[in-house]
Amino acid sequence: MKLSVRMTLFNFICLFALTLMAFSVLYGFSRTSILTSEKEDLFRRSQAGGMRMMHGLMARGRAFPGDFLVGTWDNQILKIIQNPWDLDPQLWKEGMVMRDGEHFLFVSIDRSGEEHLLGKNISTSIRSLERIRIAAWYLIPILAGIVLFVGYFLTEYWLKPLRELNRALYKMSSENLSSRFSVASTLDEIEELKLALNKMLHSFEQGYLIQKRFVSNVSHQLRTPLSSIIGYIQMLQRWGDENPEIRKEAIDAIEKTAQEMKELTENLLSLSRAGRITETKDIALDVVIKSIVDQWQTKNPHRLFRLFVNASPRLKISEDHLKILMDVLLDNALKYSEKQIDITINGKNIIVRDYGPGIPEEIQRRLGERFLRGRNTFKKPGWGVGLSLAFEIADKFGWELVFENTTPDPGLQVLIDFSPNQASDSD
């Protein structure tokens, strides 16, 4: 069922039910008011005395008005005093009585020590109220039909922008994610929805372009090592059995290429893991960093890793993500420098410094792009994925990565500024 139909029916049912309820309450209140007013008239006129009206003729000294039904009790037997409408005395009782379409109202009063039962014909008032009720029963359905008809077209009109938005969304695909919805200056719910959709489309477009570029770059990067492996395999097939030197060269080359592809695969897996939400816990930063540095020193005994601890802050983060970030920075420092590598822990940051050539100017503003490598790095192993991984992790935890070429001594210094809500005071 269309939304406009559902909305129209819902509004109609609610309005119709509220109208019936309001009319029922108003009718009951009017009926009660009429009966109360007639009772007051009975008491007032019964106490007036003097001149009375009886069937249109003047009479004096009557105890009760001539248009009243009057009776009194004699030894619990009702004695009729006045009965101008010849109403069967067996029907006389306090409250409202109906006979042959006529309505009579009876009340009990005490007069001169005697208890009387007074009655009055209130058919005129009741008929007027009933005419109003009958007119309302005819009028309410007619008005309800008009409301239903008008409400449907109004709902269709109000939902027109939403239908146009829906049609535009159906036409969208990965080929036209750059299209955006025009937003009016006066914001209502539909225009706010357009703003949200434009923001979402922008995110989708950026993610799609990054993914497309990522797949293209991965395909390009994998094509070269795969071609190299295939070439060496063909060389083995031709001359491997006859020449041991060629066989050894091919096997070594295949092993080296396979190791490089393994490194690329691990980096790509790390990229996928970086986006996952993992458990965070409170850690002592100096203890975790010292453990990471010791592991790198053990794997690279020919290089010197120096750790300087100026403070011992505690952080509430994922230890796995911190290890990935430090591994990326230490791996880059190890690849692009020959001397020692310094790691300094301060109260609000970590500094990783090497003594290599630093970052070329042409890529300083493009740091974080996947597969980005400078001109002086092509002879070094790697795929240009590590820094994009580091930036993604830092962004996830609200940290800031600052890369600076050091002077006067050459080298690169990477500053990791902690998020203020994660870093606590030093122990």
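**Figure 1. Here is the whole chain, with its helices and strands counted.** Helices (H or I, at least four residues) and strands (E, at least two) are DSSP runs, numbered from the N terminus. Counted that way, the protein chain in this predicted model has eight helices and 14 strands. Of its 427 residues, 36% are buried. The accessible surface of the chain adds up to about 26,600 Å², and carbon and sulfur atoms account for 57% of that. Now take the contacts between residues at least 6 apart in sequence: 59% of them join residues at least 24 apart.

**Figure 2. This view shows an open sheet of five antiparallel strands.** Strands of a sheet pair through backbone hydrogen bonds, either parallel or antiparallel. Reading across this one, the order is 4-3-7-6-5, and the pairing is antiparallel. Which strands stand at the edges? They are strand 4 and strand 5 (95-99), each with a single partner strand, so one side of each has no neighbour in the sheet. From one strand to the next, the twist averages 30 degrees. Helix 2 (residues 123-158) lies across strand 5, strand 6 (102-111) and strand 7, and runs at about 135 degrees to strand 6.

**Figure 3. Zoom in on strand 3 and its two partners.** Strand 3 (residues 68-74) runs antiparallel to strand 4 (residues 77-82), and five bridges join the two. One pairing to look for is G71, whose bridge partner in strand 4 is I80. Strand 3 and strand 4 make a hairpin with two residues between them, and N75 in the turn has a positive phi of about 55 degrees. Strand 3 is also joined to strand 7 (residues 114-121) by five bridges, again antiparallel. There, V70 stands opposite L118.

**Figure 4. A second open sheet has mixed pairing.** Its five strands come in the order 9-11-12-14-13. Strand 9 (305-309) and strand 13 (400-405) are the edge strands, each pairing on one side only. The twist here averages 15 degrees from one strand to the next. Strand 13 and strand 14 (residues 412-417) run antiparallel, with six bridges between them, and L401 stands opposite I416 in strand 14.

**Figure 5. Two helices lie across strands of the second sheet.** Helix 6 (residues 285-299) lies across strand 9, strand 11 (341-345) and strand 12 (349-353), at about 170 degrees to strand 9. Helix 7 (residues 319-335) lies across strands 9, 11, 12, 13 and 14, and runs at about 150 degrees to strand 11. While you're looking at helix 6, find K299: it lies over the face of W296, at 4.5 Å from the ring centre.

**Figure 6. Aromatic rings meet in this close-up.** The chain has seven aromatic pairs. How are the rings of F23 and W137 arranged? Their centres are 6.1 Å apart and their planes sit at 75 degrees, which makes the pair edge-to-face because that angle is over 60. F23 belongs to helix 1 (residues 3-48) and W137 to helix 2, 114 residues apart. F23 is buried, at 15% relative accessible area, whereas W137 is partly exposed at 44%. Y27 joins F23 and W137 in one aromatic cluster.

**Figure 7. Here W92 pairs with F106.** The ring centres of W92 and F106 are 5.3 Å apart, and the planes are at 40 degrees, so the pair is tilted. W92 lies in the loop between strand 4 and strand 5, while F106 is in strand 6, so the pair ties together parts 14 residues apart in sequence. Buried or exposed? W92 counts as buried at 7% relative accessibility, and F106 counts as buried at 1%.

Terms used: Residues numbered from 1 in each chain as written. Predicted model: local features only at pLDDT ≥ 70, side-chain atom pairs only at ≥ 80, totals over all residues. Heavy atoms only, no water. Pairing = 2+ DSSP bridges. Axes fitted to C-alpha atoms, helices over the stretch in contact; angles between N-to-C directions. Contact = heavy atoms within 4.5 Å. Buried < 20%, exposed > 50% of the residue type's maximum accessible area, 1.4 Å probe, protein only. Areas by Shrake-Rupley, 256 points an atom, 1.4 Å probe, with all protein chains shown as cover. Phe/Tyr/Trp six-rings, centres within 6.5 Å; stacked < 30°, edge-to-face > 60°. Lys NZ or Arg CZ within 6 Å of the ring centre and 35° of its normal.
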